[in-house]
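This report introduces a protein structure to a reader who meets it for the first time. Please view the sequence and the structure before reading on.

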Amino acid sequence: MKEEKKAKNKKKILLYYLVLAACLLVIAAVTVTVVFTVGTPKAPPIAGNDQTNPDDNNPDDNKPDDEDKPTVNETGYKLPVSGALTHEYEFVWHPSITQYRVHLGLDFAGNVGDEVCAVLDGEVTALAKTSTIGETFITVKHADGNSSTYKYIDVKENLQVGSKVKRGEVIGTIAAAGGYEHEKGAHLHLEFTDANGKEFDPATKLYDQK
């Protein structure tokens with residue numbers, strides 16, 4: 001009998017300690033939760049994300065103002081056509097003459113009849129309105145000493161050597177390509193030369209250099 005009572009007492013004591021341990025674990029868990037909840041600071045609102053901004057009532061105010069964006073880079077030069085740049089100033093293989101040579105300009109995509117504009121104010125110094133090999137062109141010299149040459153175009157009828165042109169003025173339209181680039185089809189080929197007549201990459205003037 002005494003041994004049974006001792007065994008029962010041991011079970012009661014063990015159960016007591018188990019209940020006590022469980023209570024302590026619950027208290028500890030609650031304490032940790034309260035500490036982290038109260039002690040964690042709220043993140044500050046991100047600037048510009050105020051959902052109650054009264055200025056947002058007018059949806060037109062949130063549209064990008066495209067009219068205020070510059071249409072040319074800091075040099076003042078304007079792209080001559082709206083077509084994408086398709087060929088850069090680089091050393092390339094020319095299939096028509098089966099040899100490597102420098103592509104001395106930029107090529108822009110376009111269709112026959114697309115308008116071509118002067119990249120900057122200037123004076124016409126050379127032109128060819130007809131060519132047996134299709135290399136019609138017009139060259140315009142600018143006040144900074146550089147000259148721009150537009151190849152494979154139908155030059156505007158009223159232009160001649162000595163004519164003054166304005167930046168953005170239509171000086172012709174894209175024609176069928178000839179010469180070394182006839183295999184490319186219709187496009188604008190644009191070349192730049194400096195005051196000494198040396199060719200250089202037009203991209204340095206037409207695009208912002210980062």
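Which element gives the largest share of the lining of the largest pocket? That share, 3 residues, comes from β3. The model discussed here is a predicted one.

**The largest pocket**

The largest pocket holds about 170 Å³ of space. Its lining is made by 12 residues, and those closest to the centre are Arg101, Lys151, Tyr180, His189 and Glu191. At least two lining residues are supplied by each of β3 (99–103) and β12 (187–193). Sorted by class, the lining comprises 5 charged, 4 nonpolar and 3 polar residues.

**Salt bridges**

Side chains of opposite charge can pair when their charged atoms come close. In this model the count of salt bridges comes to 3, and they are set out below.

| Salt bridge | N to O distance | Separation along the chain |
|---|---|---|
| Lys184 and Asp107 | 2.6 Å | 77 residues |
| Lys164 and Glu123 | 2.8 Å | 41 residues |
| Glu191 and Lys151 | 3.4 Å | 40 residues |

The pair of Lys184 and Asp107 links distant parts of the chain, with Lys184 in the loop between β11 and β12 and Asp107 in strand β4 (residues 106–109). Their C-alpha atoms are separated by 9.7 Å. Lys184 is partly exposed, at 37% relative accessibility, whereas Asp107 counts as buried, at 1%.

Lys164 and Glu123 also belong to distant parts of the chain: Lys164 is in strand β10 (residues 164–165) and Glu123 in strand β6 (residues 122–128). Lys164 is exposed, with a relative accessible area of 61%, while Glu123 is partly exposed at 32%.

In the pair of Glu191 and Lys151, Glu191 is in strand β12 and Lys151 in strand β8. Both residues are buried. Glu191 and Lys151 are also among the lining residues closest to the centre of the largest pocket.

**A positive phi**

Most residues other than glycine have a negative phi. Tyr152, although not a glycine, has a positive phi of about 65°. Tyr152 is placed in the loop between β8 (147–151) and β9 (153–155). Tyr152 counts as buried because its relative accessibility is 3%, under the 20% cut-off.

**A nonpolar surface patch**

Ile13, Tyr16 and Tyr17 make a nonpolar surface patch of about 360 Å². Ile13 is placed in helix α1 (residues 2–39). With a relative accessible area of 46%, Ile13 is partly exposed; its value therefore satisfies the requirement of over 30% for residues of a patch.

Methods: Residues are numbered from 1 along each chain as its sequence is written. This is a predicted model: local features need pLDDT of at least 70, side-chain atom pairs count only at pLDDT 80 or more; totals for chains, interfaces and linings use all residues. Side-chain values use heavy atoms; hydrogens and water are left out. Patches are made of residues with over 30% relative accessible area and no salt bridge: like charges are joined within 9 Å, nonpolar side chains (Val, Leu, Ile, Met, Phe, Trp, Tyr) within 5 Å. Accessible areas come from the Shrake-Rupley method with a 1.4 Å probe; for residues, only the protein chains shown count as cover. A salt bridge is a side-chain nitrogen of Lys or Arg within 4 Å of a carboxyl oxygen of Asp or Glu. Helices (H or I, at least four residues) and strands (E, at least two) are DSSP runs, numbered from the N terminus. Buried means under 20% relative accessible area, exposed over 50%, partly exposed in between (1.4 Å probe, protein chains only). On a 1 Å grid over the protein atoms alone, a cavity is a set of points where a 1.4 Å probe fits but cannot get out, and a pocket is an open set with protein on both sides within 12 Å along at least five of seven lines; lining residues have an atom within 4 Å of a point. Grid points are joined across faces, edges and corners, and a volume is the space filled by probe spheres set on the points. Ala, Val, Leu, Ile, Met, Phe, Trp, Tyr, Cys and Pro count as nonpolar, Asp, Glu, Lys and Arg as charged, and the others, Gly among them, as polar.
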